[in-house]
Amino acid sequence: MASLIKQFVNSICSPVTIFTFGTGFLILFLSFPKQFTSKWVSGPLAILGIGFFLFGLTDPHFRKIVTTPDNVPIVALLFLMAYFTWYAVRKAVRNDERLAQGKAPIEKEESEQKVLVFPYLIFIEFVVALFYAIMLVIWSLALKAPLEDPANPTISPNPSKAPWYFLGLQELLVYFDPWIAGVLVPTLIIVGLCALPYLDRSTKGSGYYSFRQRRVWVTGFLFCFWMLWITLICFGTFLRGPNWNFFGPFEAWNVHKVVPLVNVNLSDYIFIKWLGIGLPKQWFIREAPGFLLLGVFFFVPPLIAAKTFCRKALQEMGAVRYVVAAFLLLMMIAVPAKMYLRWAFNLKYLIAIPEFFFNV
Amino acid sequence: MADSQSQPTAIKPLTEEVSAPGRRKFLSWFALAWASFAAATLGAFSLVGRFMFPNVLFEPKSTFKAGYPDDYEVGMVDSRWKEKYGVWFVRVAEGMYALSTVCTHLGCTPNWLETEDKFKCPCHGSGFYKSGINFEGPAPRPLERFKIGLADDGQILIDKSIKFQQEKGEWNNPESFLTV
Ligand code: FES
């Protein structure tokens, strides 16, 4: 029975299924936030998650991966993130209901009661600080920092993993050229987060939890954080093994696992497979389909949206903020879209101009 | 806030004569602070810059002799110089070539997998054929080849300072391949 479950989990585990399932669940969760945060749904889900984890611990490989000192924080992160997401959405649901009834949010009532900073707040902070100090001491005693041999440029450990907080970017490096995954995307994350308060200037929902009042932004943020950051970190931490191959959680890390991954560019698909005429010599003809595709992707949806369902948003935001917001949203879709293309079609580049070192 | 401002305050409003010299003095202090900050930063950066030019550089020589062509088995990828010089020797029937062990993606060192007949990088999974051509994973271009030739004593001579890149068509250069 146990081995059947393990086999089943291993066989359905792949980047595509996890990413699709995760996104699907997130959408479901945000479509029915009230139901999902009620104890009848969230309780069993939590038991299921913890139960799966405990079940996994009986497996030697799984245990080895999750108890590696480097990986323990990621396990904690996964559970903590789930808890905090649930907590925030539950608060938001309660406030949304109150607002719908014409009442003020809970935070308004709470802020009307006053207690003294000293001793009430200071005391709590002191206890928390003590707790953390003790926890860190125990942690540093129990989990040894992984010290390895002196660095040697001709030996890369297999697999070579970045520090955990970079594993998401390392995973992106599989799908994008270094200048995109290492420079453009991180910059956009930082700039995008800085831009959020300027893009969404609605004063509604400031100072209290709410979901209904800024659905698009909360959804976008949760998608980026959960799917494009946490999930990718978990891929890198738990599921990427030797030679950066993808392994199921109960699959032993076999150095000789062979995964067919031969890459094909968009130009190969179009000119060789479909038109059957061979690659054109000039790069601008060869890569025209890729440029066209990207152009359509980045220009057509915002234009159509501006004419139709986003007309009001455009009026409220003005052209500049609308364009910036549209660009950020499209990038948020473009990153996983290209990852899907790689998973599904082994597509390497939409635009590949090695002549100028420009590959997208 | 608003009503506290409208209340008359005990502080006498500053007159123009009082505030003007004060402001000027403040500005000069400000300028001094900025100047010393800039100077300190500059000094710190110049110290950092000094580290860019170390007194001694422990770099292995870029040319080395790698034994005789017969030391290498035909059809095999030889890793004996990988650790010291970062070079793979690939011996094929017609001759041999020297591949750089630096992944063209971000510079990790791939491994030669004998059974799978490919080089595979442990960092993001780029794969290269025995020839050095990239075929899977994110590496944007093939592994580089080094200049290879024969020394006067018949030993193989590698010059790592001269590289040949396939995507620039440089593998056609006779110096990138040793015919034996
Ligand atoms: S460094 Fe080799 S695949 Fe990234």
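## Leu157(B) and its surroundings

Is Leu157(B) buried, partly exposed or exposed? In this predicted model, Leu157(B) is partly exposed, because 17 other C-beta atoms lie within 10 Å. A buried residue would need 20 or more, and an exposed one would have 12 or fewer.

Leu157(B) belongs to strand S10 of chain B, which covers residues 156-164. Setting aside neighbours within four places in sequence, its contacts are Thr63(B), Lys65(B), Gly149(B), Leu150(B) and Ala151(B). Lys65(B) deserves a second look. Leu157(B) and Lys65(B) are 92 residues apart along the chain. Their C-alpha atoms are nevertheless separated by 4.6 Å.

## The sheet S5 to S8

Chain B also contains an open sheet of four strands. The order is S5-S6-S7-S8, and the pairing is antiparallel. Strand S5 (111-113) and strand S8 (134-136) of chain B are the edges. Each of these two pairs on one side only.

How many bridges join strand S7 of chain B to S8(B)? Two bridges do so, and the strands run antiparallel. Strand S7 spans residues 127-128. Phe128(B) has Asn134(B), in S8(B), as its bridge partner. In general, strands of a sheet pair through backbone hydrogen bonds, either parallel or antiparallel.

## Domains of chain B

The domain assignment divides chain B into domain 1 (13-57) and domain 2 (63-179). How far apart are the centres of domain 1 of chain B and domain 2 of chain B? Taken over C-alpha atoms, the centres are separated by 53 Å.

Definitions and conventions
Residues are numbered from 1 along each chain as its sequence is written. Chains are lettered from A and ligands numbered from 1 in the order in which they are written. This is a predicted model: local features need pLDDT of at least 70, side-chain atom pairs count only at pLDDT 80 or more; totals for chains, interfaces and linings use all residues. Two strands pair if DSSP finds at least two bridges between them. Two residues are in contact if their C-beta atoms, placed from the backbone, lie within 7 Å. Domain bounds come from an automatic or database domain assignment.
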